[in-house]
Amino acid sequence: MRRLTLAAVLAGALLHLPAIASPDAQAILAASDAVRNPGFAFGLTTTLIEYRNGKQADTSTLAVYSKEDKTGGQFRSLIRFVAPARDANKLMLKNGNDLWFYDPSNKASIRISPQQRLLGQAANGDIVTVNLAKDYKATLAAEEETQDGERQARRCYKLALEAISPDVTYHHIEMWIDVTNNRPVKARFYTESNRLLKTAYYRKYQSQLGAERPTETVIIDGLDPNWVTVMRFSDYAKREVPEAWLQRDYLPRFKPE
């Protein structure tokens, strides 16, 4: 009888223990955004290199100017094409969820899709600065070990991201974020029909603008693993990004400082 009573007391005590709170998936995603992006206006250089079967097939260099919209928390960006020469001084503008392309040769600006490929596996929406926590609802799918871009094991939160806006680049995303420092490690990007478009690895962390940030993203095609695009980020600088630069009507008058 005494044993039964003691067991009942222990069971009751366990029932009244406070529940251990699950990590907040949306907060984890926002913290990983802060690892990728400074919280102030900045500029950088993005170099895209496309590889087919291990051989370089194409390359492009872009100057990126980004500024956070204080009302919505999402970034607005102006992208200037630097190289190759055939594309020099073409512009791309992201303002809200609108994406515009400007060609100085015909002085026309046209609306473009963020899903459209820019070079290799890099879509238009990949090269603009984005805070994913503003466009996706995150849920915690698992806590597990995965390999990073250097094939090192990392303990990660696996997040499932569902788009909350119809104008984003990807319908849903799986993202692995290091549990120790909120660094993005890996992501898989899917279509609405759940087809894998690409896998990305965030690599080569360096101190840039006050934090350790990934300076390279390796993107692998969802069907052909021999089709790879590398995005390299350099020349980070805190800078003013004038409001005029972020207006579609100003594109024909834009001149880099």
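A salt bridge here is a side-chain nitrogen of Lys or Arg within 4 Å of a carboxyl oxygen of Asp or Glu. With that in hand, welcome to a set of close-up views of a predicted model.

**Figure 1. R154 and D148 form a salt bridge.** The closest N and O atoms of R154 and D148 are 2.9 Å apart, so the pair falls within the 4 Å limit. D148 sits in the loop between β9 (136-147) and β10 (153-163). With a relative accessible area of 7%, D148 is buried, whereas R154, at 34% relative accessibility, is partly exposed. The side chain of D148 also reaches the backbone nitrogen of Q152, at 2.8 Å. Once neighbours within four places in sequence are set aside, D148 is in contact with R154, V185 and Y201.

**Figure 2. R203 and E216 pair between two strands.** Look here for the salt bridge from R203 to E216, whose closest N and O atoms lie 2.4 Å apart. This pair links distant parts of the chain: R203 belongs to strand β13 (residues 196-208) and E216 to strand β14, with their positions 13 residues apart in sequence. Both partners fall on the buried side of the 20% cut-off, because R203 has 18% relative accessibility and E216 has 2%. The view can be widened from there, as salt bridges with shared partners join E150, R203, K204, E216 and R232 into one network.

**Figure 3. D221 and R117 bring two strands together in a salt bridge.** In this pair, the closest N and O atoms of D221 and R117 are 4.0 Å apart. D221 is found in strand β14 (residues 211-221) and R117 in strand β7 (residues 117-119), so that the salt bridge links parts of the chain 104 residues apart. How buried or exposed is each partner, D221 and R117? D221 counts as buried, at 11% relative accessibility, while R117 counts as partly exposed, at 48%. If you would like to look for others, the count for the model comes to 20 salt bridges.

**Figure 4. S66 is a buried serine with polar partners.** S66 lies in strand β2 (residues 55-68). Its relative accessibility is 0%, which means that S66 counts as buried. Which side chains does the side chain of S66 meet through polar contacts, and at what distances? One polar contact joins the side chains of S66 and S77 at 2.8 Å. Another runs from the side chain of S66 to the side chain of T129, at 2.6 Å. Not counting residues up to four places away in sequence, S66 touches F40, A41, F42, F75, R76, S77, T129 and V241.

**Figure 5. M175 sits among the best-connected residues of the largest nonpolar core.** This core has 43 residues, and those with the most contacts inside it are L29, I127, L132, L159, L161, I173 and M175. Helix α2 (residues 25-36) gives the most to this core, contributing four residues. To follow M175 outward, set aside its neighbours within four places in sequence: M175 is then in contact with L29, L132, Y157, K158, L159, L161, P184, K186, A187 and Y202. A second core, separate from this one, has 13 residues, including Y65, L93, W100 and F254.

**Figure 6. The whole chain puts the close-ups in context.** The protein chain has three helices and 15 strands. Its C-alpha atoms fill a box of roughly 90 × 45 × 35 Å along the principal axes. Of the 257 residues, 46% count as buried. Among contacts between residues at least 6 apart in sequence, 47% join residues at least 24 apart. The accessible surface of the protein chain is about 13,700 Å², with 51% of it belonging to carbon and sulfur atoms.

**Figure 7. Confidence varies along the chain, and residues 6-11 call for care.** The average pLDDT of the protein chain is 91, and 92% of the residues score at least 70. Over residues 6-11, however, the pLDDT is below 50, and this stretch has zero contacts in the model beyond near neighbours in sequence. Where pLDDT is low, the predicted coordinates should not be read in detail.

How values were computed: Residues are numbered from 1 along each chain as its sequence is written. This is a predicted model: local features need pLDDT of at least 70, side-chain atom pairs count only at pLDDT 80 or more; totals for chains, interfaces and linings use all residues. Side-chain values use heavy atoms; hydrogens and water are left out. Buried means under 20% relative accessible area, exposed over 50%, partly exposed in between (1.4 Å probe, protein chains only). A polar contact is a pair of N or O atoms within 3.5 Å; within protein, one must be able to donate a hydrogen and the other to accept it, and residues adjacent in sequence count only if both atoms are side-chain atoms. Contact means heavy atoms within 4.5 Å. pLDDT is the predictor's confidence in each residue, from 0 to 100. Accessible areas come from the Shrake-Rupley method with a 1.4 Å probe; for residues, only the protein chains shown count as cover. A nonpolar core is a set of buried Ala, Val, Leu, Ile, Met, Phe, Trp, Tyr and Cys residues joined through side-chain atoms within 4.5 Å.
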